[in-house]
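Colleague: Please take a close look at one helix packing in this model and at the aromatic residues associated with it. A connected account would be appreciated.

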Amino acid sequence: MRAVENALGIKVPDNARIIRNLISGIQYVQDHVIHFYHLHALDWVDITSALKADPGETSKLAQSISPWPKSSAAYFKMVQDRLKKFVESGQLGLFANGYWGHPAYKLPPAANLMAVAHYLEALDWQREVIKIHAILGSKNPHPQTYLVGGMAIPLDPNSASALNADKLALQRQLLQTAKTFVDQVYVPDVLAVAPFYTDWAGLGAGVGNYLAYGDYPTDTSEDPARLWLPRGVIFRRDLSQVHPMDHKEITESVTHSWYEYSDGDAKARHPWDGETNPKYTGPKPPYEFLETDKKYSWLKAPRYNGQPMEVGPLARMLVAYASGHQGVKAAVDGVLKALGVGPAALFSTLGRIAARAIETQLTAAELLAWHDQLVANIKRGDLRIHNGEKWDPSTWPHEAQGWGFHEAPRGALGHWVRIKDGAILNYQCVVPSTWNASPRDAQGQRGPYEASLVGTPVADPSRPVEILRTVHSFDPCMACAVHVTSAAREAITRIQVA
Amino acid sequence: MPKIAIDPITRIEGHLRIEAQVEGGRVAEAWSSSTMFRGMELVLKGRDPRDAWLFAQRI
């Protein structure tokens, strides 16, 4: 969207800016909470231990960290009974495939039970709060109301088929529901669990370079300095200097990726000149191991200034922190103080988890302010939602190129487009997980996951929960929904231990 | 020294394989591999730029 608007020089109205911020912001809040409870918590929380917890003790613990009302002994007893029934049925469902009883699990039974209760509550909560996507985007996932030049959603406080006063009232209520859960459940849980795992503040750092495109324009100026989450680059964990970000410094290498470039694989290419020529040269499945000295991934290796970069909530919070962003600085310092650690602890697996929680809390608060801005515009009679000046291709130049940026929940997302005679000549996406899960490049430099795993303890190679902890802390999203793949190829679902 | 492969990594969105060389109870070397091809770039070629977001959004 932004790549095409950038190429064609299209500015969106203020209301479209705010609605895009709201759609994207509630996505952060929902996605980060889902990641913490449903994708990551079970690396730290032992379900089987929760069965042994004393509900009274769990209640005391919960009430000591939060005013959240669902905290009685009877409530936790009910959750425990529900879990027992589930385990006794022999069909673990959601909780199958865990390394239960592994010595790396450190939480006491009461904390495990509290976390399981919140895991289940978060399932219901996330379904509620994402109704905002239904209001503003007609559905979730993949909201349908985007439009080059603005949004395709009429604003009219008095029309039943538009974004009207009723829908805005519901939206505010949902935003408040979102914020309360984050403030009273998610953030206190992170702060309660973290002290049991402080060794993970010294593990999983990775490449130590952080890239943020920044996002959430606070006005329609298109000035990068007016982004709520700032843009910038940090090299070698040096928080004393935030470098300006220039997208022309981004290249992709395919030396270790199953692609070939028309002029040879040695030279990395900027996405405007990017090529997607797939060529699988790996072993024929089923195989034991990949040929990692050659090509071994469907991801290209993106680099900034030739360096591998970590992207995501930690990169965003570090860039904001080092840029002197007031809200982020206060929140990060508060968490560091609560955990009794210094800023160096942020460069870690635990740092990623903390940064994600901080970002969620700040975003949940900011969303209410954006909502109020939208309401104020509508009250003033500003109902503009789309700029159609350059909708007609006859108004476009013969050739154009553009760059679109976004900070997705998982990190910096860039799209590069070249348009010729009204059609797409070339389109390249460099998504967050391409940065983080990148294979090695032409220089042999490891990608962020690879670098972060080196030095990770593995108590039992047949149950490598420690590897999952660090990989999950990045919140991987490998080409989320669409794949072009051979129907004949079968998924490999076994764990091999040599 | 065991070399391990975790494939797929579960509780993520998509398909990820990690290979790791473990020495002395720690990871000595690691490789990250995406095991599926996306191809979005090929899907978009030649299309109306005003439609790009609807396809690209699915990533």
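Modeller: In this predicted model, the axis of helix H2 (residues 14–40) of chain A comes within 11 Å of the axis of helix H14 (residues 465–473) of chain A, and the two cross at roughly 165 degrees. Because angles over 145 degrees count as roughly antiparallel, H2(A) and H14(A) are therefore assigned to that class. The crossing in which H2(A) passes H14(A) is right-handed. On the side of H2(A), the contact is made by His35(A), Leu39(A) and His40(A), and on the side of H14(A) by Arg469(A), His472(A) and Ser473(A). Sorted by class, the residues of this contact comprise 1 nonpolar, 4 polar and 1 charged.

Helix H2 of chain A also takes part in the aromatic pairing, for which the count over all chains comes to 29 pairs. Phe36(A) forms a tilted pair with Tyr186(A), with 5.3 Å centre to centre and 45 degrees between the planes. This pair links distant parts of the chain, since Phe36(A) lies in helix H2 and Tyr186(A) in helix H8 (residues 165–193) of chain A, 150 residues apart. Phe36(A) and Tyr186(A) are both buried. Ring pairs further join Phe36(A) and Tyr186(A) with Tyr37(A), Trp68(A), Trp125(A) and Phe181(A) into a cluster.

A further pair involves strands: Tyr216(A) and Trp228(A) are arranged edge-to-face, at 5.8 Å centre to centre and 75 degrees between the planes. Tyr216(A) belongs to strand E4 (residues 215–217) of chain A and Trp228(A) to strand E5 (residues 227–229) of chain A, 12 residues apart. Tyr216(A) and Trp228(A) are both buried.

Definitions and conventions. Residues are numbered from 1 along each chain as its sequence is written. Chains are lettered from A and ligands numbered from 1 in the order in which they are written. This is a predicted model: local features need pLDDT of at least 70, side-chain atom pairs count only at pLDDT 80 or more; totals for chains, interfaces and linings use all residues. Side-chain values use heavy atoms; hydrogens and water are left out. Axes are lines fitted to C-alpha atoms, for helices over the stretch in contact, and angles run from 0 to 180 degrees between N-to-C directions. Helices (H or I, at least four residues) and strands (E, at least two) are DSSP runs, numbered from the N terminus. Angles under 35 degrees count as roughly parallel, over 145 as roughly antiparallel, 65 to 115 as roughly perpendicular and the rest as oblique. A crossing is left-handed if the near helix is turned anticlockwise from the far one by less than a right angle, and right-handed if clockwise. Contact means heavy atoms within 4.5 Å. Ala, Val, Leu, Ile, Met, Phe, Trp, Tyr, Cys and Pro count as nonpolar, Asp, Glu, Lys and Arg as charged, and the others, Gly among them, as polar. Rings of Phe, Tyr and Trp (its six-membered ring) pair if their centres lie within 6.5 Å; planes under 30 degrees apart count as stacked, over 60 as edge-to-face and the rest as tilted. Buried means under 20% relative accessible area, exposed over 50%, partly exposed in between (1.4 Å probe, protein chains only).
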